[in-house]
Amino acid sequence: MVSVNAPSDGPAGLVVGVDSGGSGLRIALADAATGTVLDGSASREPVRTGPGGISASHFLEQVLPAVRALAGPFGGRPVRAAAVGAAGMATLGDELRAVLPGALAEAWGVRRLALAADAVTAYAGALGQRPGAVVAGGTGMIALGTDLTAWRRADGWGHLLGDCGSGAWIGRAGLEAAMRAYDGRRGGSAALLDRAEKLFGPAAGLPAALYPRADRPAVLASFAPEVGRCAPEDPVAADILARAGAHIAEAAGAVCPAGSGAAVALTGGLFRMGDPLLVPLGAALGELLPHVRRVEAAGDPLAGAVALASALATGTLRLPEDPSLLRLFGEGPS
């Protein structure tokens, strides 16, 4: 058992926040009362997925030693609460929900636990505990909104069925325009064809290079920055990003609560593309959600996991529980 265990009337407590995604796993140790991060660690090894969904044993193999090392300098302070945000939690999180409450209680003595979809920790990191909508954009794209009584989700259905406006969507549209130019069809872009061939080789070989790839969404998304670079001078690329902005705004509009006081935030690497995407997206948001404030994301999904854990520890959690998006386990605050 980690040496940070202590009676509930002992020293000031700690909380643990975990962000688990496709590129690895990040952990933060924070002060329970304030949410101030005290230390953290990261692994580039993603948690494996098996027949039962996300592997609880592989998760614990990475998290328990890391937290033990982080907690060393704070040996007298108990872990009051923990929050885990994981990509795939909504659909692949059954094993985590079955195993982690008992395993973390045994390891740390922690009795309050939140298991959340990564979209929820992205929301909590970006907007905290106020009503609004957050669009998380990267290779994929999902929008999540709440009026603090229930969650609403739009998209996040993967590159074959949705993720409209995402990095994979933009990259696929850019490569289609490149192939149209290669064929001599309308809607083609010579600029995008040139960039595609520099990145992937001769255009005629692109299907063979792309279709067998298990990481096809990521490969498609790798071309999205090329679309952004071409957009200032190429009307085809600019139109792709305008359509992407409209898709993203539609997703935000579908989940944003009605009435005044709601805010919209954007989070994720997709939006580092800058003005070629943000300008048309801003115009689309202004048209669809004229009474909603757009704000900068305050923090990332790891910050959101820490915020959830701190709110659990202090009894101040206002975000709504949901069977697949945000499950809470354990007792009230000590």
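**Exercise 1. Find where confidence in this predicted model is lowest and where it is highest among the strands and helices.**

Start with strand S4 (residues 49–50): its mean of 84 is the lowest. At the other end sits helix H10 (residues 235–255), where confidence peaks at 97. The score here is pLDDT, the predictor's confidence in each residue, from 0 to 100. Helices (H or I, at least four residues) and strands (E, at least two) are DSSP runs, numbered from the N terminus.

Next, take the whole protein: the mean pLDDT is 90, and 95% of the residues reach 70 or more. Finally, look at residues 1–10, where pLDDT stays under 50. For that stretch the model has 27 contacts (heavy atoms within 4.5 Å) beyond four places in sequence.

A quick note on the ground rules: this is a predicted model, local features need pLDDT of at least 70, side-chain atom pairs count only at pLDDT 80 or more, and totals for chains, interfaces and linings use all residues. Residues are numbered from 1 along each chain as its sequence is written, and side-chain values use heavy atoms, with hydrogens and water left out.

**Exercise 2. Work out which strands pair with S1, and in which sense.**

Two strands pair if DSSP finds at least two bridges between them. Step one: S1 and strand S2 (residues 24–31) run antiparallel, joined by eight bridges. A hairpin of two residues links S1 to S2, and Gly 21 stands opposite Gly 24.

Step two: strand S6 (residues 79–86) pairs with S1 in the parallel sense, over seven bridges. Here Gly 17 has Ala 83 as its bridge partner.

Step three: is S1 enclosed or open? Seven of the eight residues of S1 (residues 14–21) are buried, so the rest of the structure largely encloses this strand. Buried means under 20% relative accessible area, exposed over 50%, partly exposed in between (1.4 Å probe, protein chains only).

**Exercise 3. Describe the surroundings of Ser 189.**

First, place Ser 189: it's in the loop between helix H5 (167–183) and helix H6 (190–200). Then check its exposure: at 1% relative accessibility, Ser 189 is buried. Leaving out residues up to four places away in sequence, Ser 189 touches Ala 177, Ala 178, Ala 181, Asp 234 and Val 236. Last, a polar atom of the Ser 189 side chain lies 3.0 Å from the backbone nitrogen of Leu 192.

Terms used: A polar contact is a pair of N or O atoms within 3.5 Å; within protein, one must be able to donate a hydrogen and the other to accept it, and residues adjacent in sequence count only if both atoms are side-chain atoms.
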